[in-house]
Amino acid sequence: MLDLSVIIATYNRSRTLGRTLAALAELDTLGLAWEVVVADNNSRDDTPAVCRRWQGRLPLTYVFEGRQGKNAAYNTALAAASGELIVTTDDDITPCRTWLKALWEAAQRWSDHDVFCGPVITPIPSAFAGTLEGAVPTCNFNPPPPQRVLDADLMPIGANLAFRRRCLEAATADGGTLFDPAIGPCGAGRISGSESVALQALMQAGRRIVYVPEASVLHETPAGFRTVGGLCRRAWAQGRGDVRVHRFGADVPRLMGMPRFVLRTMVEDFLAAMGRLAAGRRKDALARLFHGVRFLAICREWRKAARP
């Protein structure tokens, strides 16, 4: 068995994938037995050719998953991986040179723990700085040192996670999958929260997450972070995911079948956005707009889920 498997799910992003594979080739992996498993999620670009070019320079395995959805591709990559430690990341990252060594050494140090994570740093365009809090996931996770078990309210990001094989085998022992194919990026669409759902299930089973600050990755700024429309789509995806991640109890006051506070928050956000835009406070208006879009998506998804 290998020490580590790095798994990447990709869809029509051969350029960023090529940059990521180039960065992986520069890692300090001396003394590690490792591999990269790239799951091509039905790409129509030259992703297969990019992988073939790198197979001579990396211990790279290419697999194809025709069912659309990042999580379907992740599950296919997991089935092909042979490492003791399975590391998930994205196709648009640049890891620090000692990334895999830091994760592997942490796994040896914390031998009674099965889930590990490291910092993810994503530059946010200055035009939108301060407008995304509570509405759009920023692809940033960067708590301060030291290496430690994370508090339960801190949720890491899938671009820098590692799972011990025994943990994955236990999570899928009943024939299920760790990553829900109904959630996550799917072609041009997205329902956020796929890693959160998986991590919540593991934590409910008693697993705790160890934070490894030495194992950092730099994440490229997503194209959707550069325009108001792109960020609205991200906020919409987050709202759709909220319905799957957060369960509202029967005691929560309802209106038209939906949690009343969700409807109230949506209306307040949109009214505040219009008022602040009229007052020339563009960033404040955008912050309330993005938040309102998130709650509008929660309303729509909640109604869909409630239909017989």
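In this predicted model, the side chains of Arg19 and Glu220 meet in a salt bridge, with 2.9 Å from N to O. Arg19 belongs to helix 1, while Glu220 sits in the loop between strand 13 (217-219) and helix 7 (228-245), so the pair ties together parts of the chain that are 201 residues apart in sequence. Arg19 is partly exposed, with a relative accessible area of 46%, and Glu220 is also partly exposed, at 28%.

A second salt bridge starts just beyond the end of helix 1, where Asp28 pairs with Lys101 and the closest N and O atoms are 3.3 Å apart. Here too the pair links distant parts of the chain, since Asp28 lies in the loop between helix 1 and strand 2 (34-40) and Lys101 lies in helix 4 (residues 99-109), 73 residues apart.

Side chains of opposite charge can pair when their charged atoms come close. In this model the count comes to 13 salt bridges, and one of them joins the side chains of Arg67 and Glu65, at 3.0 Å from N to O. The two partners differ in their surroundings, because Arg67 is exposed, with a relative accessible area of 51%, whereas Glu65, at 9% relative accessibility, counts as buried, the limit for that class being under 20%. Elsewhere, salt bridges that share partners join Asp114, Arg164, Arg166 and Arg207 into one network.

Helix 1 also has a helical neighbour. Two packed helices are described by the angle between their axes and the distance between the axes. For helix 1 (residues 14-25) and helix 2 (residues 47-54), the axes come within 9 Å and cross at roughly 15°. Angles under 35 degrees count as roughly parallel, and the two helices are therefore roughly parallel to each other. Helix 1 passes helix 2 in a right-handed crossing. On the side of helix 1, the residues that meet helix 2 are Ser14, Leu17, Gly18, Leu21, Ala22 and Ala25, and their counterparts in helix 2 are Thr47, Val50, Cys51 and Trp54. By class, this contact between helix 1 and helix 2 has seven nonpolar, three polar and no charged residues.

The loops that lead into these two helices each hold a residue with a backbone feature of note. Asn12, in the loop between strand 1 (2-10) and helix 1, has a positive phi of about 55° although it is not a glycine. Asn42, in the loop between strand 2 and helix 2, likewise has a positive phi, of about 70°, and is not a glycine. Asn12 counts as partly exposed at 28% relative accessibility, and Asn42 is partly exposed with a relative accessible area of 28%. Another backbone feature appears further along the chain, where the peptide bond from Pro145 to Pro146 is cis, with omega near 10°; Pro146 is found in the loop between strand 7 (120-121) and strand 8 (148-149).

A last stop is Leu202, which is found in helix 6 (residues 194-204) and is buried, with a relative accessible area of 5%. Leaving aside residues up to four places away in sequence, Leu202 touches Val115, Phe163, Cys167, Ala171, Leu178 and Arg207. Of these, Arg207 has already been mentioned as a member of the salt-bridge network with Asp114, Arg164 and Arg166. Leu202 and Ile93, by comparison, are 109 residues apart in sequence and 25 Å apart in space, C-alpha to C-alpha.

Terms used
Residues are numbered from 1 along each chain as its sequence is written. This is a predicted model: local features need pLDDT of at least 70, side-chain atom pairs count only at pLDDT 80 or more; totals for chains, interfaces and linings use all residues. Side-chain values use heavy atoms; hydrogens and water are left out. Axes are lines fitted to C-alpha atoms, for helices over the stretch in contact, and angles run from 0 to 180 degrees between N-to-C directions. Helices (H or I, at least four residues) and strands (E, at least two) are DSSP runs, numbered from the N terminus. Angles under 35 degrees count as roughly parallel, over 145 as roughly antiparallel, 65 to 115 as roughly perpendicular and the rest as oblique. A crossing is left-handed if the near helix is turned anticlockwise from the far one by less than a right angle, and right-handed if clockwise. Contact means heavy atoms within 4.5 Å. Ala, Val, Leu, Ile, Met, Phe, Trp, Tyr, Cys and Pro count as nonpolar, Asp, Glu, Lys and Arg as charged, and the others, Gly among them, as polar. A salt bridge is a side-chain nitrogen of Lys or Arg within 4 Å of a carboxyl oxygen of Asp or Glu. Buried means under 20% relative accessible area, exposed over 50%, partly exposed in between (1.4 Å probe, protein chains only).
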